[in-house]
Amino acid sequence: MRRGGARMSTEGPAATRGQLCTFTLAGHHFGVPVGRVQEVIRHQEMTAVPLAPPLVRGLINLRGQIVTALDLRQPLDLPPAPPGARPTNVVVRAGADLYSLLVDEIGDVIEVGADAFEPPPDTLTGRCRDLIRGAFKLDARLLLLLDTDRLLAL
């Protein structure tokens, strides 16, 4: 993953421009600030965590570090993954901790500008609306900016 250049902040107006790591989940396009992403890795075997909330799909071993794998479908009110699906891991930092966001397919790192940013669409409701900071109107699609801080607070 490319580092450097303009970085996105999770605070204030700077959060509406910079570089985003993009991915798809249930046919929807999402992005997270590239500055929060440590790496993207292929499917990893997970160890289930008994009595964990539905958001926690399991634990993965990332070169000796235990990382919590989060299933984004549940908090975003998306349908379950098809049987046998092998998600990709977008490993994000939250302070000293790492979390894996399980996604269907990784996209590109793109540069976005504040002029293409809009508040969350009215069609988003419930908890999903709380987890989306807004949307970027791109040429052929709408890219939803995921609020990783709120997601990880769940």
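## Cysteines and strand pairing

Cys128 is buried in this predicted model, and its relative accessible area is 10%. Cys21 belongs in the buried class as well, because its relative accessibility is 0% and the cut-off for that class is under 20%.

With two cysteines in view, what does a search of the whole structure find in the way of disulfides? The search returns 0 disulfides. For that search, a pair of cysteine sulfur atoms would have to lie within 2.5 Å.

Now to the strands. Here are two antiparallel pairs, side by side:

| Strand pair | Residues | Bridges | Facing residues |
|---|---|---|---|
| S4 and S5 | 56-62 and 65-71 | 6 bridges | Leu62 opposite Gln65 |
| S10 and S11 | 132-137 and 142-146 | 5 bridges | Ile132 opposite Leu146 |

S4 and S5 make a hairpin, with 2 residues between the strands. If you are checking backbone torsions, have a look at Arg63 in that turn: its phi is positive, at about 50°.

S10 and S11 also take their places in an open sheet of 6 strands, where the pairing is mixed. Reading across this sheet, the order is S8-S1-S2-S11-S10-S9. Why is one side of S8 and of S9 left without a neighbour in the sheet? Both strands, S8 (105-112) and S9 (117-118), stand at the edges and have a single partner strand each, so one side of each has no neighbouring strand there. Inside the order, S11 and S10 are listed next to each other, and these are the strands joined by 5 bridges in the table.

How values were computed: Residues are numbered from 1 along each chain as its sequence is written. This is a predicted model: local features need pLDDT of at least 70, side-chain atom pairs count only at pLDDT 80 or more; totals for chains, interfaces and linings use all residues. Side-chain values use heavy atoms; hydrogens and water are left out. Buried means under 20% relative accessible area, exposed over 50%, partly exposed in between (1.4 Å probe, protein chains only). Two strands pair if DSSP finds at least two bridges between them. Helices (H or I, at least four residues) and strands (E, at least two) are DSSP runs, numbered from the N terminus.
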